[in-house]
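Biologist: Hey, got a minute to walk me through this one? I'm new to it, so plain words please.

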Amino acid sequence: MNATRRGILTAAPIIGAGVLGVGFWRMLSDMRSGAFDPRAIKNPNVGKPIPSFAMPGLPGLGDGFTDAELKAQHRPVLVNFFASWCIPCVAEMPGLRAISRNMPIWGIAYEDKPENAAGFVQRDGSPYARVASDRHGRVAIDWGVTGVPESFLVAPGGRIIWHGSAALDPQIYEAEIRPRLAGL
Amino acid sequence: MFGPEQGHFALALACVLALVQFAVPLWGASRRDARLVGLAPYLAVSQLIALGYSFLCLVMCAVSDDFSVQNVAANSAVSKPLLYKITGVWGNHEGSVLLWTLILAVCGGAVSLFGRNLPDILRGRVLAILGGVSAGFQMFCLLTSDPFDRVFPAPMDGQGMNPLLQDPGLAFHPPILYTGYVGFAVPFAFAVAALIEGRVDAAWGRWVRPWAVAAWCFLTCGIALGSWWSYYVLGWGGYWFWDPVENASLIPWLTGTALVHSAIVVEKREGLKIWTVLLAIATFSFSLSGTFLVRSGILNSVHAFANDPARGVFILALLAIVIGGSLALFAWRAPSLTSTGLFSPVSREGSLVLNNILLCSICAVVVTGTMYPPFMQLLAGRTISVGKPFFDAATIPLTLPLLLAMGVGTALPWKRAQLARTFSHLYAAAGIAAVGLVLCFWKLSGILPIACGALAVWVIAASVSDVLRRIGIGHTSAQGVWERMKNLPRSSWGAALAHIGAGITILGLCGMSQAEHAIVEVHIGETRSLAGDDWTLLDVHDYIGPNYKAMQADIAIRHNGKLVTILHPEKRDFTTQSQTTTEVAIHTNFITDLYGVVGDRHGTGKDTTYVLRLHRNPLAPWMWLGGLIMAIGGAFSLSDRRMRIGAPKRAAARNMARA
């Protein structure tokens with residue numbers, strides 16, 4: 001092995017580490033300014049009406065729902081996409097239960113076997129007023145869901161006014177959702 | 001005597017001592033001044049004493065319920081059991097950083113005490129590097145995460161601890177895991193010292209390897225314990241979720257495993273020097289990045305740490321100095337290190353090179369999968385998630401040749417091997433592996449689990465047959481076998497044990513790929529069957545615990561009408577923290593785990609139903625048992641090292657006595 005090649009090879013680790021380091025530094029500085037949030041996901045549907053859909057329910061948990069039923073609500077509804085195979089969804093459940101004391105939450109089981117989703121919802125007490133099954137994820141695509149858990153705040157009449165891609169908890173509710181409820 | 005102010009002062013004192021420990025020996029070494037270099041061990045031990053005192057102060061604050069200390073007020077409570085008051089000290093960010101630096105100081109102390117046979121200059125430099133890293137993290141502790149911060153007015157009672165963390169498994173998981181992470185600081189320091197000195201030889205390999213093996217043992221135990229905890233506490237039936245925090249521990253384990261093996265080549269054949277130095281630097285760098293980046297909030301993980309970007313910037317600067325500095329030194333000095341040991345591709349060295357390539361490829365896959373989401377978001381503004389399908393698809397095909405090579409490697413001689421002769425040693429193992437393959441076809445489904453299972457049997461069989469061959473079973477008399485058993489180096493026993501442990505872990509993983517579970521809703525007295533067992537909910541009763549309300553179910557499991565066991569899973573409601581936890585009930589016969597969880601209660605009166613989650617997890621205990629055996633194997637080979645390292649001195653003492 002000649003000296004130049006040796007030099008390049010031994011310099012490769014620090015170059016790689018440097019690239020990673022610059023990336024991390026950018027992330028951290030953007031996190032401080034709020035431009036970068038590892039947990040946030042931009043959804044193009046915010047401000048638009050909800051897409052049309054009709055979904056069946058989960059076994060033993062009622063009938064499911066349609067876009068017409070959601071639009072007909074007189075109170076804002078929090079729509080939450082979840083799945084029994086999703087670990088952050090497990091972590092989210094206590095937060096959802098706390099939020100459900102303040103406002104109705106409608107759950108949509110994303111790409112999940114109905115019996116698994118039903119068991120998951122019932123495991124520690126269901127936070128959902130209504131639950132529907134999006135067995136093959138078609139509805140989630142229309143909503144612009146990129147993963148689970150994601151939640152949407154839907155105003156009476158069916159307009160999406162807020163979207164969150166983190167596991168919800170009472171702090172997020174207080175900071176993000178409750179102020180928006182006041183304007184409705 | 002042990003108040004928070006004394007603790008704070010001791011921490012600051014330790015930080016100053018660490019800075020002196022960094023500067024003086026390095027300066028002394030460059031001036032070839034033996035007195036300055038000789039100060040290093042004393043400084044390291046004094047730093048350890050100061051830091052140990054500081055840590056003891058924090059423990060005393062927690063034990064004596066001093067809620068004027070912010071950290072204690074936020075994480076403890078009067079009603080908390082004593083054990084968890086102590087272990088809760090490292091159950092939060094500030095305390096865990098202090099524990100981290102304490103373990104680093106213990107490593108420095110250990111090098112001072114056990115490294116007396118090292119050349120003074122090398123020991124001085126190693127201690128200086130350790131001191132420098134210590135000083136950095138103690139400053140981090142003092143400036144951004146002070147565990148002794150006070151609150152005024154002090155609250156009457158603390159906020160208590162997350163009930164999930166009140167578990168003996170988790171209480172001892174962080175110290176063991178951190179010892180693994182931090183232990184790799186010693187090989188790192190040896191690597192940097194060698195780069196400064198510009199010399200890596202067989203003796204360097206011999207010195208560095210026991211430290212790497214010791215850290216590796218702790219890291220192995222730590223990962224196994226963490227995985228076991230998530231299995232039996234989270235009640236989700238899973239054991240590994242490819243979460244960034246889990247990956248953060250797996251990445252240094254992979255490079256550390258590679259290091260433990262490549263250091264053998266340095267020691268025996270003076271080959272792979274540059275590579276080994278790089279692995280030593282990389283392993284500790286990954287340990288550092290892993291432990292600290294998860295606290296900065298960049299990595300999206302379910303494991304909650306108090307995220308603070310300001311802290312993240314400090315950490316990143318520290319990482320840039322430690323990692324960037326060592327890699328810059330590497331780029332500058334490593335080209336001058338030359339290898340002398342030549343070997344053919346088919347040889348013990350060749351197999352160790354293959355092992356390194358495969359381990360590092362797996363590591364690259366895990367790093368890519370972990371780093372891809374944040375970098376994708378930074379560069380393209382898109383959010384994606386990388387999960388189990390990617391990791392399984394990318395790591396298992398790399399694991400298969402690794403397992404194959406593990407069986408062959410130990411049977412190969414150094415320098416150059418004759419394949420035909422080597423294979424003649426392996427006929428028996430190959431036969432057993434073939435039987436294993438048939439068994440796997442019968443018991444497992446899916447091509448990858450079958451292949452992994454058969455290769456795991458191959459690894460175990462090849463390791464056993466290698467030891468049998470070495471002790472001459474079938475070739476010599478019983479007396480001869482006994483003599484050879486006594487003379488076989490402990491490191492050979494250790495390697496065989498560790499490989500057998502790895503095989504057992506892989507078998508456990510294969511078994512778990514066949515796990516079955518069902519979520520059922522039943523009335524009391526109802527029976528459901530799962531994979532041949534009948535699960536009957538006998539009764540459910542409520543009781544009041546020390547700080548929770550619990551619902552306990554009695555579930556009888558019968559196999560062909562014969563009672564196997566009665567499980568008592570619980571659901572606990574912690575009212576003060578408004579948190580519910582599940583207490584999983586597990587019955588194991590070390591072949592299969594029967595795992596029951598009780599969920600919600602629905603309806604009232606006669607219509608009351610209960611949601612139960614029933615799991616049948618084949619070979620689950622083997623995953624952790626294998627990890628433990630791996631660690632024991634490492635410890636065994638350590639005991640060999642120590643004797644050999646101590647030998648010259650003992651021989652000298654004997655000669656003195658004779659004279």
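Biologist: How is chain A divided into domains?
Modeller: Chain A has domain 1 (1–36) and domain 2 (54–182), with bounds that come from an automatic or database domain assignment. The centres of domain 1 of chain A and domain 2 of chain A, taken over C-alpha atoms, are 40 Å apart.

Biologist: Anything I should know about the ground rules?
Modeller: This is a predicted model, where local features need pLDDT of at least 70, side-chain atom pairs count only at pLDDT 80 or more, and totals for chains, interfaces and linings use all residues. Residues are numbered from 1 along each chain as its sequence is written, chains are lettered from A and ligands numbered from 1 in the order in which they are written, and side-chain values use heavy atoms, with hydrogens and water left out.

Biologist: What pLDDT does chain B average?
Modeller: Chain B averages 88, on the predictor's 0 to 100 confidence scale for each residue. In chain B, 94% of the residues score at least 70.

Biologist: And which elements of chain B have the highest and lowest mean pLDDT?
Modeller: Helix 1 (residues 4–31) of chain B has the highest, at 96, and helix 19 (residues 620–658) of chain B the lowest, at 72. Helices here are DSSP runs (H or I, at least four residues), numbered from the N terminus. Over residues 646–653 of chain B, pLDDT stays under 50, and the model has 3 contacts for them beyond four places in sequence. A contact is heavy atoms within 4.5 Å. Where pLDDT is low, the predicted coordinates should not be read in detail.

Biologist: OK, new topic. Which residues touch the most other members of the largest nonpolar core?
Modeller: Trp100(B), Leu130(B), Phe190(B), Trp204(B), Val277(B), Phe284(B) and Leu288(B), out of 165 residues in that core. The largest share of this core comes from helix 9 (residues 202–233) of chain B, with 15 residues. By nonpolar core I mean a set of buried Ala, Val, Leu, Ile, Met, Phe, Trp, Tyr and Cys residues joined through side-chain atoms within 4.5 Å. Buried is under 20% relative accessible area, exposed is over 50%, and partly exposed is in between (1.4 Å probe, protein chains only). There's also a second, separate core of 47 residues, including Cys86(A), Ile108(A), Ala140(A) and Ala155(A).

Biologist: What does Leu130(B) touch?
Modeller: Leaving out residues up to four places away in sequence, its partners include Gln21(B), Leu104(B), Cys107(B) and Ala189(B).

Biologist: How many residues are in contact between chain B and chain A?
Modeller: 43 residues of chain B are in contact with 37 residues of chain A. The two chains bury about 3500 Å² between them, and carbon and sulfur atoms give 70% of that. Buried area is the accessible area (1.4 Å probe) that two parts lose on being put together, summed over both. Trp236(B), Ile298(B) and Leu378(B) supply 18% of the area that chain B buries against chain A, more than any other three residues.

Biologist: How many salt bridges are there between chain B and chain A?
Modeller: The count there is 0, although the structure holds 26 over all chains. A salt bridge needs a side-chain nitrogen of Lys or Arg within 4 Å of a carboxyl oxygen of Asp or Glu.

Biologist: Where does Arg209(B) lie, and where is Glu267(B)?
Modeller: Those two side chains meet in a salt bridge (3.2 Å, N to O). Arg209(B) lies in helix 9 of chain B and Glu267(B) in helix 10 (residues 244–269) of chain B, so the pair ties together parts 58 residues apart in sequence. Arg209(B) is buried, at 8% relative accessible area, and Glu267(B) is buried too, at 6%.

Biologist: Got one from chain A?
Modeller: Yes, Arg180(A) and Glu176(A) form a salt bridge (3.7 Å, N to O). They sit 4 residues apart in helix 6 (residues 170–182) of chain A, so about one helical turn separates them. Arg180(A) is partly exposed at 35% relative accessible area, and Glu176(A) is partly exposed at 31%.

Biologist: Last thing: how is chain B divided?
Modeller: Into domain 1 (1–161), domain 2 (198–403), domain 3 (404–514) and domain 4 (516–621). Domain 3 of chain B and domain 4 of chain B bury about 390 Å² between them.

Terms used:
Helix = DSSP H or I, 4+ residues; strand = E, 2+ residues; numbered from the N terminus.
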